[in-house]
Each structure stands twice: as structure tokens, then as C-alpha cells.
Amino acid sequence: MGKNQSLSPGDLRHFLQQKLPGYMIPSAFVIMSDFPLNINGKIEIKKLPKPDETSIVESPYLAPRNQTETILADIWQEVLQISKIGVNDNFFDLGGHSLKAISLVSKTQEKLELPLKIQQVFSHPTIAEQAELLTAYSPITITTIPALSEQETYITSHAQRRFFVLQQMDLNNVAYHIISTLKIEGNFDLNAFEKAMQFLISRHESLRTSFVLVDGEPRQKIIANSPFKVEIQDGTNEPNAEIHILENIQQQRKPFDLENGPLLRSNIYKLSDQKYILLLEIHHIICDGWSMNLLAKECLKYYNYFVKGLQPNLDKLPIQYKEYAAWQANILRSQDYEKNLDYWRQKLDNGQIPRVSFTNGFPTTGSQDFQWFTFKLDI
């Protein structure tokens, strides 16, 4: 192109669509006259502007034209966290991906009671296309997960069982810990944070769950009261405190006791009166990366309540994770599941999948990594 010619995000996307598969095409394009450089002549990543909605939504806006499109637009805005979406905007151009597509399908089925499928999000990636597709379908009955009566222990989910077995193979293993570090700048109210976390733990049973063996099978045990306390370490007089703290977090981790719990812990490292590092460590058996983001937002909401001297409402969740685990177990015992399993057994090598037998005391090589999240928050 010529020196005086300009490029729009649409031009760039159209060019890349001819060269790259869809998942490799950026969801946002920020046009800049030049890049910010550091003293070594390299790009200063931290000074790059963040994409805004104009960097993502560049197609002509067309508002929803009927009730179905309006409901779909509301769902899209919730899933994609974008305030204004037209009916011809592409889900994947707006930052959608497979995980968000699953959330979109779930919320659409719940709110419209129509059978949108995950593959249809890929083949019909606009609101207009999905709304037209759904007009041909009849309403479906949404299966609800039933509540469980109170028990001493509860069945584990498939994922929990796997994590439990892996932990028993090496009780000192910390590879399945999710580590989140939050750099806080501003006034931090430790008392409000502890109250917010305690409120969160009271609301979500999974955060106060331990795991015990009953007749040789791992079971969930819900702890009625699980006090939460933050450990505080003062690094105000230590040179290069932030670097040393982050190194120590990685090197001095301790395994959780799955049987006795709790399976989350938190530390506060004080760098100055206005700077802190918050560490939250949680075992993967009671949480995952997706849930961490949801819990962080919920905790921040409660924190803001307590900072203002207000008391949030402890609204009861419709189901807890133990209900999901029991519901999943029933599905895994169903005839439909066995049919699907038989299908894949035949599909993969015509049922001739070799069986692998592990002997006791087999050697291991290498080490498994852990999940690490870092956030920065200005208060």
C-alpha cells in the first residue's frame, strides 16, 4: 500500500482472513502513529493503549429488530462484556471463543428455552443468523439440577476424583494449586477484605469443602464453619521487596491437606502504606480458572460493601457444587452415556484401544507446572 493510504480494522481483518485460520485473527486492532519505545529501542508493552469498543466493533451498527434478537443481544453483551452490539456483528470478531460460545449456548437455552448448539454458534456467528435459525425450533424443557438432602458426605465429581487420586500419588505435590497475585495501590482495608472473603466462603460451599475416603472412595465433606484469616508480612524496609516476595511465593509453597482443609489460603505483603501484594492460593480440586474470575468479581463487590460500612445480602445459591457432582454421576451411569462411550470406542481404532497398566512405584520425570495469575488493582 502507498505511504499516504490508511488502513481500517476491517481492512486488516479482511486481509488476515485470507491468510490465517479464524482462531489466529486478533479480535481487536488499535491504529497507532508509532509505538512507544524504551531506552533500549524495544516496544514498551505497558504503555500500549488498551483496545476499546471502537477497536473491536467496526461494522455498521444495526439494532435488534424483534424480541428474539433483543434477548440474544442482551446475552451477547453479558458474555462478551461489550455494551453495544449490532445484529450483524460477528461473535468471534468481538472477542468470542470456544469457552464463551459454551456460555452463550447455556444462557440462550436458559432464557429462550430453544436448542441452540455449540456448532451453530460457529456456523451462525451473528445475532441475526442465530435469531433466524431459532425461529424454526420448538421450545425445549430445560433440565434442572435437583437439590440434595443434607448428608455427612457427598459424591465427588469426575474432575474432583481425578485431582484426589493425583494428590495421593504425591502428597507434597503443589502443581494443582491456582496462584493469584494482586498488586494493590491505594488505601487497602484488610478488615473489609477478610469480611468479604468470609462472606464469599459462607456463600460457596465448595470453598469450605474437604475430601475424605469412605469405603475406599473419595467423598466431599462440607465444613459448616470455616474461619478465614489473612497472614500479613511487612516488607517495607526490605530492598527489592517486590521481587523477593514474588520469588518466595513461587519457591515456598506448601501442599494442602485435602482431608482436613481449608483448601485456600491468603497472604498480604506490605510494600508501603499505599502498596501491597495480595496472594490467594487455592487447590484446583475446589476451583478452576473460570471460577476464579467469577469469585474475584464477587469478592470485590462484597469488599466495596464492607468498606462503605454496608452489609451485603447473603442470597442463597440455587445449587451448590455437590448437586452438580451428583447430577453428573447420574449422567455417567445412564444408558445414553454408555451408548456415547461405545460410539467413541468404536470410532477410535474400531474398539482396539490399547489398555495401559501402571505398576506401583513407577518413575516420574520432569515436573508439572502450576497455574499463575497476576492482576493489578488501583484502589
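**Reading the labels**

Mentor: In this predicted model, Asn240 sits in the loop between β5 (231-234) and α9.

Trainee: Why is Asn240 called exposed?

Mentor: Set the value against the cut-off. Exposed means over 50% relative accessible area. Asn240 has 53%, so the label is exposed.

Trainee: What makes the phi of Asn240 worth a remark?

Mentor: The sign and the residue type. Phi is about 50 degrees, a positive value, and Asn240 is not a glycine.

Trainee: Which residue in the loop between β3 and β4 has a positive phi?

Mentor: Asp215, which lies in that loop. Its phi is near 55 degrees, and Asp215 is a residue other than glycine.

Trainee: How do you know whether Asp215 is buried or exposed?

Mentor: The relative accessibility of Asp215 is 79%. The cut-off for exposed is over 50%. Asp215 therefore counts as exposed.

Trainee: What makes β3 and β4 a pair?

Mentor: Pairing needs at least two bridges between two strands. β3 and β4 have 6 bridges, and they run antiparallel. They therefore meet the criterion. Ser210 stands opposite Lys221 of β4. The two strands form a hairpin, with 2 residues between them.

Trainee: How do you know that β1 pairs with β4?

Mentor: Count again. The two strands share 2 bridges, in the antiparallel sense. The minimum is two bridges, so the pair qualifies. Tyr154 has Gln220 as its bridge partner in β4. Ile155 stands opposite Arg219 of β4.

Trainee: What order do the strands take in this sheet?

Mentor: The order is β1-β4-β3, in an open sheet of 3 strands with antiparallel pairing.

Trainee: Why are β1 and β3 called edge strands?

Mentor: Look at their partners. β1 (154-155) and β3 (209-214) each pair on one side only. Helix α7 (residues 158-169) packs on this sheet and touches β3 and β4. The direction of α7 makes about 110 degrees with that of β4.

Trainee: What makes Arg65 and Glu69 a salt bridge?

Mentor: A side-chain nitrogen of Lys or Arg must lie within 4 Å of a carboxyl oxygen of Asp or Glu. Here the closest N and O atoms are 2.8 Å apart. That is within the cut-off, so the pair counts.

Trainee: Are these two partners buried or exposed?

Mentor: One of each. Arg65 is exposed, because its relative accessibility is 54% and the cut-off is over 50%. Glu69 is buried, because its relative accessible area is 3% and buried means under 20%.

Trainee: What does Arg203 bind through salt bridges, and how do you know?

Mentor: Arg203 has a salt bridge with Glu298 at 2.8 Å, N to O. The pair links distant parts of the chain: Arg203 in α8 (residues 190-203) and Glu298 in α10 (residues 289-307), 95 residues apart. Asp315 also forms a salt bridge with Arg203, with the closest N and O atoms 3.2 Å apart. Asp315 lies in the loop between α10 and α11 (321-332), 112 residues from Arg203. Both distances fall within 4 Å, so both pairs pass.

Trainee: How do Arg203, Glu298 and Asp315 rank as buried, partly exposed or exposed?

Mentor: Arg203 has a relative accessible area of 13%, under 20%, so it is buried. Glu298 is at 13% as well, and therefore counts as buried. Asp315 has 42%. That value lies between 20% and 50%, so Asp315 is partly exposed.

Trainee: How many salt bridges does the structure hold?

Mentor: It holds 14. Glu78, Lys107 and Lys111 are joined into one network by salt bridges that share partners.

Trainee: Why is Leu16 called buried?

Mentor: Its relative accessibility is 19%. The cut-off is under 20%, so Leu16 counts as buried. Leu16 is in helix α1. Beyond residues up to four places away in sequence, Leu16 touches Ile25, Pro26 and Phe29.

Trainee: What makes up the nonpolar surface patch?

Mentor: Val30, Met32, Phe35, Leu37, Ile43 and Ile45, over about 550 Å². Leu37 lies in the loop between α1 (9-17) and α2 (53-56).

Trainee: Where is there a cis peptide bond?

Mentor: Between Gly261 and Pro262, with omega about -10 degrees. Pro262 lies in the loop between α9 (241-251) and β6 (264-272).

Terms used: Residues numbered from 1 in each chain as written. Predicted model: local features only at pLDDT ≥ 70, side-chain atom pairs only at ≥ 80, totals over all residues. Heavy atoms only, no water. Helix = DSSP H or I, 4+ residues; strand = E, 2+ residues; numbered from the N terminus. Contact = heavy atoms within 4.5 Å. Axes fitted to C-alpha atoms, helices over the stretch in contact; angles between N-to-C directions. Patch = residues over 30% accessible without salt bridge, like charges linked within 9 Å, V, L, I, M, F, W, Y side chains within 5 Å. Areas by Shrake-Rupley, 256 points an atom, 1.4 Å probe, with all protein chains shown as cover. Buried < 20%, exposed > 50% of the residue type's maximum accessible area, 1.4 Å probe, protein only.
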